Each structure stands twice: as C-alpha cells, then as structure tokens.
Amino acid sequence: MCCNSKRRFLLLYATQKGQAKAIAEEIWQQAGAHGLEADMHCISEMDKYNLETEKDPVVIVISTTGTGDPPDTARKFVKKIQDTTLPPDHFAHLQYGLLGLGDSEYMFFCNGGKTVDRRLQELGAQHFYDTGLADDCVGLELVVDPWIDGLWLALKEALLLQKEKEGMNNVVDAVTSSLSPAPHVAHELNLSSEVQNLKLEDEGARSSDVLSQKPDDINLLTPARNTEPSLVNSVPPVSQSALNIPTLPPEYIEVQFQGTHGKNPHLSSLISEETTFEVPVTKAVQLTREDAIKTALLLELDISDTVFDYQPGDAFCVICPNNAKEVEELLHILGLSEKGDEFVCVKVKQDTKKKGASRPQHIPERSTLKFILTWCLEIRAVPKKAFLRALVECTSDAREKRRLQELCSRQGASDYMRFIRDSNVCFLDLLHAFPSCKPSLNLLIEHLPKLQARSYSVSSSNLYQPGKLRFVFNIVEFPACPTRPVSRKGVCTGWLAELVAPLLHPNKNTLDTKGESFSTAKIPIFPRPNNTFHLPADPSVPFIMVGPGTGISPFIGFLQHRQKLREQHTDWEFGETWLFFGCRHQDRDYLFKQLRCFLENGTLTHLKVCFSRDSSTAEVAPPKYVQDIIRLYAKEVARVLLEEKGYFYICGDKKHMADGVSDAVVDILSMEMEADKLEAMKILAMLREERRYLQDVWS
C-alpha cells in the first residue's frame, strides 16, 4: 500500500450523496496531525485493498439509502461478504471501527452500516472502537464530531497492540510515545472573540490551519446592538469563546473560461445509472381548491413512444433544473452575470493536496457556467460546515468572518443547527446574509452537492391507461423568514407548477420561453422501480391501504390495476380491499372523490375517510386522523393481518402519520391477541420481515 505501515490505517467509505465521503476526507485530513496516515479508498475500489490480508486497523464510514439499503457503491462489497460459504473466522485477524450514517425519520435507521457491522462480526472481525450511528434527522455532527475525536486514541492503542503481537519493540516505543492526543493547535483553530483581523502566517500555516494572533494589534469588535442570536449575530457564550473550527479543506478544482463556442452535454449524461426519457405532459389538474392550505396537482405524462415500463407502486424520478431567477441572482452576486453563457473547462488542480482528487462525476468536463448552476449543482442545499469553513477565507468583513467561524465551530454547533440546518438556509441565503463573502467558482463546484433528481410515486396503472403515467404532488412552499428574505417553492414542484401553468389556465394562452406552444414541452424522467411496494402476487389475498393526502397516490394505481384485472379475469377470486384516507377539509382537499366509483363497482370493498380540520356538531366527535379511524376497525384489521395473511400498505408522511399508524396497529394486535405490547411489536416486526407490512414514506 501507499502509506507508511508503521502508522497506517485503512479508511474506507461508501457514499450515496457524498456525505460519507466528506466525513472520510475529514478523517484523512486530521490523521496527519495525530502522526497517522490514512490509506483512503471508496469501498467499491476492491482492487486497491484486501480485507482478507489486511493487518492494520480499518475505519469504515458508510451511509444508508432507499429503504435501509447500503449505498450503491457498497453493493458489490456487501454481496461479497454475505457469501454464505465464508467460514466464521474469515476476518478473525481484522480490527475495525465503523461509523454509520442514517436518518431516524426512516424505518431502517443506519441499516447500511448495521448490515456491514453485523456481517463483519459474524465473520470474526473485532471492534477496536465502538460503532457510531449518526442521525441526519437531528444533525450528523452530533455523533460524527465526538466519534472522530475519540478515534485517534483508539487507533493508536490498536496499532500498539498490533505491534506488540508482532514483537516489534522499537515500533512499540515509537507508538507509545504518541499515545497522548495531538495538541489542538495542530488540527484546529483556537480563535479569540476579541481579534478583529485574523490572518494566516504563511502558506505553510494555511495548510495546517494555524492562525496568527498578534496581541499588540488586537482591536475589540464592536458589540452587536441586537442581543438576540440570529444567523448573522451571536451572543455570549459563543461570541466570547475561543473556537475550535474544522481544518481548511484543500482546494482541488480549477475552472478555465473558454468562450461561447460549443454545445452543452445532454441531460442523460448526468444520470449514469439509468436510461432517461424526455416525455410530454399531456394533462394537468389541480386537485385542491384555491383556498386549501396546500396545492396538489395531478400530471399525466405520455410514455407511449418510449420503452418506459412500470408497475403500480413503483416510483420514477424527474430531472429538474434549479430556479432560473436564483441562478441569475447567484451569477450576479458572484460577479459573473456576463459569463453565464461562456463555456468552462473543469479540471483537477495539479498541485492540490487533496488525496485522490478527481472532477466530480456530476460536473461535465466542458459546459457553460449556466448549465452547471442550472442542472448540476444543488444550489438550495444546506451548506455543510466544511463549506462554511472554506467561505471564511473568502470573507473580508471581520464581523462576518467571525460569525462564519462560529457557525462552523464546535462551540457554535447549536447555532448551526438552529439558524442554518433547521432553518433550511441555502448558499444564496448565506451570500445575502454575509455580503462581503465572495467565493470563487471552484469552491461552489467543490462543496455544493449534485442536484438530485426528485422521486415521485406512480399514480396510475399501465394496464388501465396504456402509454400514460400519472403522478400527484403538493407544491412545496418555503415561506419567508428572518434567515430567508423571500418565499420560495420547491425546486422540482415549483418548476413543474410553472411548466404546466398553460394547461391549468389555458385561457391565458401562455407560451413557453421559446414562444412555442405548450404541447412541445417535455420533462426528463427515469424509472426507479420499487422491489416490494406492489400488489400481492395472489389476487385473492386481502390488503389494507393507508394513504392520507398525497399519500393516496400509489393506491389509485393499485385500484385502477385491480379494476382492470377484475374486468379481464371474471373467474378469478379477489380478496377484499380497504382504503383509509384523510385530509384537512372535505370540500377543499379531498383529492380523489371518484374513489366512490371504485367502491360502487366492487374494486374497493371498504372506504373510510376522515377530515382533520372540519368542525362537527355530532355528540361524539368523528375521528380526525387515519390512525384514529383504523382503531375503530380493530377486529377487521387484525383479521386481515393475522387470520387471512393479508397485506398492509402505508404511504405518506412518516413523522406525523406513519409512526402513528404503526402505534395503532401495535395496539390493535395487542388487544385482539390479548398479548402485551412487546409481543405485539414482535408480531409487527415479523410482518415487516415477511414484507406484508410495507411503507412508502417521506419526512
């Protein structure tokens, strides 16, 4: 391997959207300050490491994707270690520490990391450091930062034990002498709140993040008049604290402007793993009334000229652009308004200190600047602390510089959570809040993540409507607030709503931006099949559907498909079907009143609805939420699940609905089985394991 074996450890990462890689890079950067060298690789690069013969400690950082799956980059690795022919001592020589990333809003929290951790243990590997599970729901850094802090001593002790076993006394002495943690000055900044002009001593100090403080030149910053903390203002103790901030990430991208001649790459080149289709929107319907709290739209796409195929319950992805006005605004702030249509060449800096640096896969080697900002970078992404740290160096105003340092520091962790993460502050918001911050274009490419395609559940059946694909969504709204000066719509839902405005309001005779009729407008999509959220293979099996609000979307496809099957196969036996639906107001956002048609023709056996905001004059108030109405049919639910081996589907919001439904089902099972709650929870877990209790939820 490439590293000095005396101090070496193997560092592997498995990432889906880049977070695990960024954390691994932070570990790699800090390692040198502790006298260690990290041999870092993506876990998919199995030709560059070999766990079967690895003698040094191994550190693994792994995220979770989908419904608890390891990231795509870890699929081959997981398949390899799950080989059932491997002996139980296959990795008996291996010492490792694992950091898993996940989101507790989803059912299988950190399951990617847990899967790898569990299997390595089964094959005899030993922990040299406790497993960390970081939760993106509350902030990854709450676990990541202390986990990394404790890693260094654990690594040195593991290396010491390893060398003792090898009888290398001279190496033992060397490692023992460094058991105490490296001083903070080697890898962190200790900043005084009273220093106005902070600067790096020289290029060498810059690379190791050592700041110069000259006592003779100290000028006290003028105290802020506002005593309330905000995005731009801090109060004690943070404002008076010495700060520990991350190491400065090394720059590694070089951008060269090359004039206006050329052609942008096709959007399909941005999606490496799937085949993309550009399909026309043929129908748009607003399902909610104008006075509804949320606006829900139904769109119909024509897929008849493609090989796009789907089943009810599947999802698909829309490749969407960033808001054009926001892109123009960003170009203006960066002083690049005149260069938006110029082509740029993106390359790796030859003298970069970043290990294994490469051009991000989602960035074309050559395209216009506007193409990159429109289709490639998530300019709405909440900036990570590493990005804030890099922005410090681009900020000239002393007060703004200090505040950015606070927001990326450990002392300012709660401020970061409150004013950036929880407030959904994006890069554009930061530039407005800190006007003296003038980052270079390469920093945006290095730190802004890939603009992700947005996933939607299919709300139709190809059997019922051949050549058509329908989906339903709410237009996401982000109201203005102190940290966001203007209201915004969701990146994709806002774009789609604007795109289909001519279909929603045909009397306005709206033309698209090129002056052509709307009928030529197309959107790029690609399939995202769901391996489990499908109708039972046996049509005689009963099933229950729970889908309030737009969560009803996939179940419309279920019912359309079932209706067509009933028409085509009159001799088949079909199980009973239940649908629990809820919304705020019956007259404003009852999305599919035609559900009655499914009830009348026998496709749907039972339809139970509730309206959470409608007033009632009844002596006994009707149930407000789907979890309440489910409890009224406890015996029927238990019968379908336990006696008839039926299926239970949930689609919609996890935190405010799906968890409540799961609690209701546990209570029902407990009551009907006359068992305690723990036993009922075990039954529910068994149903999940059998793929008879299925969820398609979002946070």
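At what angle do helix α7 and helix α8 pack? To see the arrangement in this predicted model, select residues 324–333 for α7 and residues 369–376 for α8. The two helices pack at an angle of about 130°, and their axes lie 10 Å apart. An angle of this kind falls outside the ranges set for parallel, perpendicular and antiparallel pairs, and α7 and α8 are therefore oblique to each other. Viewed for handedness, α7 passes α8 in a right-handed crossing.

**A second helix pair**

Next, select residues 385–392, which form helix α9, and residues 398–407, which form helix α10. Their axes come within 9 Å and cross at roughly 160°. Because angles over 145 degrees count as roughly antiparallel, α9 is roughly antiparallel to α10. The crossing of α9 and α10 is left-handed.

**The cavities**

The tour now turns to internal space. Rolling a probe the size of a water molecule over the atoms shows where empty space is left. How many cavities of 30 Å³ or more does a search of the whole structure find? The search finds two.

For the largest cavity, which holds about 80 Å³ of space, select the following lining residues:

- L270, I271, I319 and C320, which are among the lining residues;
- H362, W375 and C376, also included in the lining;
- K450, L451, Q452 and A453, which belong to the lining as well.

By class, this lining divides into eight nonpolar residues, two polar residues and one charged residue. K450 is in the lining, and Lys counts as charged.

The second largest cavity contains about 40 Å³ of space. Select F308, D309, Y310, D314, A315 and F316, which are among its lining residues, and then add V458, P527, R528 and P529, which are also part of that lining. Colouring by secondary structure is useful here: strands β14 (315–318) and β21 (522–528) each supply at least two residues of the lining. The lining of the second largest cavity has seven nonpolar residues, no polar residues and three charged residues.

**Backbone geometry in the loops**

Three loop sites follow. Most residues other than glycine have a negative phi, and most peptide bonds are trans.

Select P236 and P237, which are joined by a cis peptide bond with omega of about 5°. P237 lies in the loop that runs between β9 (211–212) and β10 (243–245).

Move next to K645, in the loop between α20 (634–643) and β25 (647–653). K645 is a residue other than glycine with a positive phi, near 55°.

Then select E674, placed in the loop between α21 (654–673) and α22 (677–689). The phi of E674 is likewise positive, near 55°. Is the side of the chain at E674 buried or exposed? E674 has 77% relative accessibility, so it counts as exposed, the cut-off for that class being over 50%.

**A final stop at V486**

The last selection is V486, in the loop between β19 (477–478) and β20 (488–489). V486 has a relative accessibility of 46% and therefore counts as partly exposed. To finish, add D429 to the selection and display the C-alpha atoms of both residues: V486 and D429 are 57 residues apart along the chain, and their C-alpha atoms are separated by 9.4 Å.

Technical notes:
Residues numbered from 1 in each chain as written. Predicted model: local features only at pLDDT ≥ 70, side-chain atom pairs only at ≥ 80, totals over all residues. Heavy atoms only, no water. 1 Å grid on protein atoms, 1.4 Å probe; cavity = no way out; pocket = protein on both sides within 12 Å on 5 of 7 lines; lining within 4 Å. Points joined across faces, edges and corners; volume = space filled by probe spheres on them. Helix = DSSP H or I, 4+ residues; strand = E, 2+ residues; numbered from the N terminus. Buried < 20%, exposed > 50% of the residue type's maximum accessible area, 1.4 Å probe, protein only. Axes fitted to C-alpha atoms, helices over the stretch in contact; angles between N-to-C directions. Parallel < 35°, antiparallel > 145°, perpendicular 65-115°, else oblique. Left-handed = near helix turned anticlockwise from the far one by under 90°.
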